[in-house]
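Me: Please take a close look at one part of this model, the nonpolar core and what lies around it. I would like a connected account rather than a list.

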Amino acid sequence: MKLQSAYEYLKPIAEAASIGNYADALNTALACVKRCIALDRANIVKMPVIRIVDKDSNSVHNAGELSHDRLYSGGYRIKYHNIQNCEGTEPGSCYQFADSDIEFIDCIAVNDEIIPPPPKVVPGHCEICGRDYDVMDFCVSTDFKPHSVCKTCAKMPERDIKELPQYQRNVIHDAKLMLITEKIINDQTDDD
Ligand SMILES: [Zn+2]
């Protein structure tokens with residue numbers, strides 16, 4: 001049982017129980033137990049640390065450290081692609097794998113109990129707060145999935161964003177960019 005993941009549940013259980021909402025507290029406790037069982041049964045797999053060399057700048061980083069890193073398999077080989085500059089490890093491209101010692105990092109084979117899937121996005125409703133007005137629908141290259149975020153959430157201060165789950169933090173940062181782009185286009189249109 002992982003202490004950190006258990007703690008994520010202890011807080012809502014204690015909060016629900018403190019206001020007499022025992023059904024919620026029980027449900028959260030059951031979800032916690034289910035998740036811990038899933039963690040105990042999960043397979044630990046070894047993932048090699050894959051170092052990528054940028055041939056232009058001679059800099060080296062571990063694949064996955066940068067948000068634009070993508071690893072994919074071509075046949076039996078792992079290939080690297082940077083979705084920002086569309087360069088990769090193919091011949092003539094600006095990256096190559098580093099020929100250094102291969103180390104391994106422990107990864108866990110996940111299922112829905114360990115990492116619950118994010119809720120489905122309903123177009124026209126903000127996926128962060130549920131509001132159904134001032135909603136921007138967009139799709140960007142970060143995950144290529146459709147997203148709906150209202151303009152209020154897109155203006156959320158950084159300290160509030162930090163409280164959100166990781167997948168929502170990414171979505172809000174994309175929404176912020178959409179808002180800035182929209183403002184630039186509107187300002188240009190106003191000038192005409
Ligand atoms: Zn919202």
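Reply: What follows describes the core, then a loop residue beside one of its members, then a hairpin elsewhere in the chain.

The model is predicted. Its largest nonpolar core has 10 residues: Cys126, Ile128, Val135, Val149, Cys150, Cys153, Ala154, Val171, Ile172 and Ala175. Three elements, strand E10 (146-150), helix H3 (151-154) and helix H5 (166-191), each give two or more residues to this core. H5 gives the most, with 3 residues.

Within the core, Cys153 can serve as a point of reference. Leaving out residues up to four places away in sequence, Cys153 touches Cys126, Ile128, Cys129, Ile172 and Ala175.

Val135, another member of the core, leads to Gly124. This glycine sits in the loop between strand E8 (104-108) and strand E9 (135-139). Gly124 and Val135 are 11 residues apart along the chain, and their C-alpha atoms are separated by 6.0 Å. Beyond its neighbours within four places in sequence, Gly124 contacts Asp132, Val135 and Ser148. Gly124 nevertheless counts as exposed, because it has 11 C-beta neighbours inside 10 Å and the cut-off for exposed is 12 or fewer.

The hairpin is formed by strand E5 (residues 77-82) and strand E6 (residues 87-88), which run antiparallel and are joined by 2 bridges. His81 has Gly88 of E6 as its bridge partner. The hairpin has 4 residues between the strands, and Cys86 takes a positive phi near 60°.

Definitions and conventions. Residues numbered from 1 in each chain as written. Predicted model: local features only at pLDDT ≥ 70, side-chain atom pairs only at ≥ 80, totals over all residues. Core = buried A, V, L, I, M, F, W, Y, C linked by C-beta atoms within 7 Å. Buried ≥ 20, exposed ≤ 12 C-beta atoms within 10 Å, placed from the backbone. Contact = placed C-beta atoms within 7 Å. Pairing = 2+ DSSP bridges.
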